[in-house]
Amino acid sequence: MYPKVSIIIPFYNDPYIEQAIVSALGQTYPNIEIIVVDDGSTSHQEKIAPFLSRIHYLGKANGGTGSALNYGIRMATGQYIVWLSSDDMLYPDKVERQLLFMLEHHSSISYTSFDEIDGYNNVIGRHKSLFFPNQTELVRAFMSFDPINGCTVMLKKELFTYIGYFNESLLYTQDYDLWIRTLLGRVHIHYLNIPLTMYRWHGEMGTKKHWPAILSEIEHIQAYYRDRLLNYVHQMGG
């Protein structure tokens, strides 16, 4: 029995989309579906055309990454969800290894380490993830920063009915908010200490282009959840 895994790729005018799709199609795991959600793009759609027979290509009006993810998740038929940014790539054994890990640990959500690459696919950093010895320390970290790279996450689709979907009013930090809500919902987030995703640094990436707005959203999230996170840490004896 191979549970279906849906790989959601939000796309907006990204020249790297072809490489993201190829990495998703190259998975060793046999039961996947790939959903590319075009968030109102005006360029680079031609890079998707060769793959239309092997993916689900959905279009929508521009609304941001959170809205594209939510649309893709609602349309997904897999029991598990993977989010892949259109400028990042997955290692071939990403889905297989992470799903096996989750099944072994009866996990509803997990994240992994990752490698960093540049615009030419050169690896510029390996194993770029922090290790936390226990859930208490993970929760404590969220009061200061987001320690989880969203494109390393795999989670059960049914989890969204419990914690809700991505907050579409947050244009850049919708994942930070969702992971906090997951923790406050008393869901254990497991960690697999293996790099299974390639996270790309390049001049046009949103983290660089929109940093002031990102910082403003981060400050808002931290202020909104700080007391609840602190109370949860105290409940866990931290």
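## A tour of one cavity and one helix pair

The largest cavity in this predicted model has a volume of about 60 Å³. The structure holds one cavity of 30 Å³ or more, and that is our starting point.

**Stop 1: the cavity lining.** Select Leu69, Ile73, Ile81, Val82, Trp83, Val153, Leu155, Phe160, Phe166, Leu178 and Trp179, and you will have the residues that line the largest cavity. Try colouring your selection by residue class: 11 residues of this lining are nonpolar, with no polar and no charged residues.

**Stop 2: the elements behind the lining.** Now show the cartoon for α2 (65-75), β4 (80-83) and α6 (174-184), each of which supplies at least two residues of the lining. Which element gives the most? That is β4, with three residues.

**Stop 3: from α6 to α8.** Keep α6 on screen and add helix α8, residues 211-235. The axes of α6 and α8 come within 11 Å and cross at roughly 10°. Angles under 35 degrees count as roughly parallel, so α6 and α8 are roughly parallel to each other. Their crossing is left-handed.

**Stop 4: the side chains between the helices.** On α6, select Tyr176, Asp177, Ile180, Arg181, Leu183 and Leu184. Then, on α8, pick out the residues they meet: Ile218, Ile221, Gln222, Tyr225, Arg228, Leu229 and Tyr232. How do the residues of this contact divide by class? Nine are nonpolar, one is polar and three are charged.

**Last look.** Show both selections together, and you will see α6 supplying residues to the cavity lining as well as meeting α8.

Key. Residues are numbered from 1 along each chain as its sequence is written. This is a predicted model: local features need pLDDT of at least 70, side-chain atom pairs count only at pLDDT 80 or more; totals for chains, interfaces and linings use all residues. Side-chain values use heavy atoms; hydrogens and water are left out. On a 1 Å grid over the protein atoms alone, a cavity is a set of points where a 1.4 Å probe fits but cannot get out, and a pocket is an open set with protein on both sides within 12 Å along at least five of seven lines; lining residues have an atom within 4 Å of a point. Grid points are joined across faces, edges and corners, and a volume is the space filled by probe spheres set on the points. Helices (H or I, at least four residues) and strands (E, at least two) are DSSP runs, numbered from the N terminus. Ala, Val, Leu, Ile, Met, Phe, Trp, Tyr, Cys and Pro count as nonpolar, Asp, Glu, Lys and Arg as charged, and the others, Gly among them, as polar. Axes are lines fitted to C-alpha atoms, for helices over the stretch in contact, and angles run from 0 to 180 degrees between N-to-C directions. Angles under 35 degrees count as roughly parallel, over 145 as roughly antiparallel, 65 to 115 as roughly perpendicular and the rest as oblique. A crossing is left-handed if the near helix is turned anticlockwise from the far one by less than a right angle, and right-handed if clockwise. Contact means heavy atoms within 4.5 Å.
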